[in-house]
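Here is a colleague's note to read with the model open beside you. Please take the points in order and find each residue on screen before moving on to the next.

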Amino acid sequence: RARDPCTLPGHIYNSAMGKVHGSLARAGKVKGQTPKVAKQEKKKAAVARAKKRLQYNKRFINAPVGMGGKRIQPNKQPAGKLG
């Protein structure tokens, strides 16, 4: 006797609700229609001690200073964008 898919253990079956992810015919649509762009040559990334040095300089030496001499957080949004 065939078992109802609703009763299978660990199986979620939403027959009453709508489709969840769409048909597989549209899979890869966006990637397929995007024009191929060749990768550009990049500068070699710093590693180990040199990377830590760049990180330190960015965070503490060249860091922007706000009111009261405090450092501004790295991801802080400009005042006009807050609302």
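The numbered points below go from the whole chain to its helices, its loop and its surface patches.

1. Please keep in mind from the start that this is a predicted model, and that the values quoted in this note are computed from it. The chain has two helices and zero strands, and the first thing to look for on screen is therefore where α1 (29-33) and α2 (49-61) run, with the loop between them.

2. Of the 83 residues of the chain, 1% count as buried, where buried means a relative accessible area under 20%. The chain exposes about 9,200 Å², and carbon and sulfur atoms supply 56% of that area.

3. Helix α2 holds both Y56 and F60, which are four residues apart, or about one turn of the helix. The count of aromatic pairs in the model comes to one. In that pair, the ring centres of Y56 and F60 are 5.6 Å apart and the ring planes stand at 40 degrees, so the pair is tilted. The word is chosen because planes under 30 degrees apart would count as stacked and planes over 60 as edge-to-face, with the rest called tilted.

4. Are the two residues of this pair buried or exposed? Neither word fits, because Y56 has a relative accessible area of 46% and F60 has one of 47%, while exposed requires over 50% and buried requires under 20%. Both residues are therefore described as partly exposed.

5. Y56 and F60 also belong, together with I61, to a nonpolar patch on the surface. The accessible area of these three residues together is about 330 Å², and a reader who has already found the aromatic pair can locate the patch by adding I61 to the view.

6. Another residue of helix α2 is K58, and at 67% relative accessibility K58 counts as exposed. It is worth drawing a line on screen from K58 to P74, since the two are 16 residues apart in sequence and 9.7 Å apart in space, taken from C-alpha to C-alpha.

7. Which residues form the positive surface patch? The patch is made up of K31, K36, K39 and K42. Of these, K36 lies in the loop between α1 and α2, and its relative accessibility of 79% is the reason why K36 counts as exposed.

8. A48 deserves a careful look at its backbone, as this residue has a positive phi of about 55 degrees although it is not a glycine. A48 is found in the loop between α1 and α2, and because its relative accessible area is 63%, A48 is described as exposed.

Methods. Residues are numbered from 1 along each chain as its sequence is written. This is a predicted model: local features need pLDDT of at least 70, side-chain atom pairs count only at pLDDT 80 or more; totals for chains, interfaces and linings use all residues. Side-chain values use heavy atoms; hydrogens and water are left out. Patches are made of residues with over 30% relative accessible area and no salt bridge: like charges are joined within 9 Å, nonpolar side chains (Val, Leu, Ile, Met, Phe, Trp, Tyr) within 5 Å. Accessible areas come from the Shrake-Rupley method with a 1.4 Å probe; for residues, only the protein chains shown count as cover. A salt bridge is a side-chain nitrogen of Lys or Arg within 4 Å of a carboxyl oxygen of Asp or Glu. Lys and Arg count as positive and Asp and Glu as negative; His and the chain ends are not counted. The place of a charge is taken as NZ of Lys, CZ of Arg, CG of Asp or CD of Glu. Buried means under 20% relative accessible area, exposed over 50%, partly exposed in between (1.4 Å probe, protein chains only). Rings of Phe, Tyr and Trp (its six-membered ring) pair if their centres lie within 6.5 Å; planes under 30 degrees apart count as stacked, over 60 as edge-to-face and the rest as tilted.
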